[in-house]
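Me: Hi! I'm new to this structure and would love a friendly walk through it. Could we take it step by step?

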Amino acid sequence: MKLINIGFGSLVSQERLVAIVSPDSAPIKRMVQESRERGMLIDATYGRKTASIFIMDSDHVILSALPPEKFGAKAQSEQAEERE
């Protein structure tokens with residue numbers, strides 16, 4: 001099982017991850033609010049501004065303070081290492 005560090009010592013399973021999105025659009029803000037109401041929201045920002053949102057296959061939504069670009073670059077570097 002591969003884990004992704006989403007900041008401040010918090011980890012999520014790469015296999016369970018569906019998408020990493022920016023929190024700026026209205027549909028994403030609605031999804032976060034609906035998840036909060038259902039009790040499926042996990043806030044891993046530790047009081048900082050939300051910079052990325054992880055959508056999991058378990059219907060959980062996870063808030064992170066790290067920008068989504070950071071995870072894209074990390075995934076690309078890991079794929080390059082696997083090819084070598």
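Reply: Happy to! One definition helps first: a residue is buried under 20% relative accessible area, exposed over 50%, and partly exposed in between. Please keep in mind that this is a predicted model.

Me: Thanks! Is Asp59 buried, partly exposed or exposed?
Reply: The relative accessibility of Asp59 is 43%. Buried would need a value under 20%, and exposed one over 50%. Asp59 therefore counts as partly exposed.

Me: In which loop is Asp59 found, and near what value is its phi?
Reply: Asp59 sits in the loop that runs between β5 and β6 (61–64). Although Asp59 is not a glycine, its phi is positive. The value is near 75°.

Me: Which residue forms a salt bridge with Asp59?
Reply: The closest N and O atoms of this pair are 3.2 Å apart, and a salt bridge asks for a distance within 4 Å. Asp59 lies in the loop between β5 and β6 and its partner in helix α1 (residues 26–38), so the bridge ties together parts 21 residues apart in sequence. The partner is itself partly exposed, with a relative accessible area of 47%. Its name is Arg38.

Me: How many salt bridges does the structure hold, and which residue pairs with Asp57?
Reply: The structure has two salt bridges. In the one formed by Asp57, the closest N and O atoms are 2.7 Å apart. This pair links distant parts of the chain, from the loop between β5 and β6 to the loop between β2 and β3 (17–21), 41 residues apart. The residue that pairs with Asp57 is Arg16.

Me: Now for the inside. Which strands each supply at least two residues of the largest nonpolar core?
Reply: In soluble globular proteins, nonpolar side chains tend to be buried together. Here the largest nonpolar core has eight residues: Ile4, Ile6, Val12, Ala44, Phe54, Met56, Ile62 and Phe71. The strands that each give at least two of them are β1 (3–7) and β5 (52–56).

Me: How many residues make up the other core?
Reply: This core lies apart from the largest one. Its members include Ile28, Ile53, Val61 and Leu63. In total, the number is five.

Me: One last stop: near what value is the phi of Phe8?
Reply: Phe8 belongs to the loop between β1 and β2 (10–13). With a relative accessible area of 40%, Phe8 is partly exposed. Its phi is positive though the residue is not glycine, with a value near 60°.

Key:
Residues numbered from 1 in each chain as written. Predicted model: local features only at pLDDT ≥ 70, side-chain atom pairs only at ≥ 80, totals over all residues. Heavy atoms only, no water. Core = buried A, V, L, I, M, F, W, Y, C linked by side-chain atoms within 4.5 Å. Buried < 20%, exposed > 50% of the residue type's maximum accessible area, 1.4 Å probe, protein only. Helix = DSSP H or I, 4+ residues; strand = E, 2+ residues; numbered from the N terminus. Salt bridge = Lys/Arg side-chain N within 4 Å of Asp/Glu carboxyl O.
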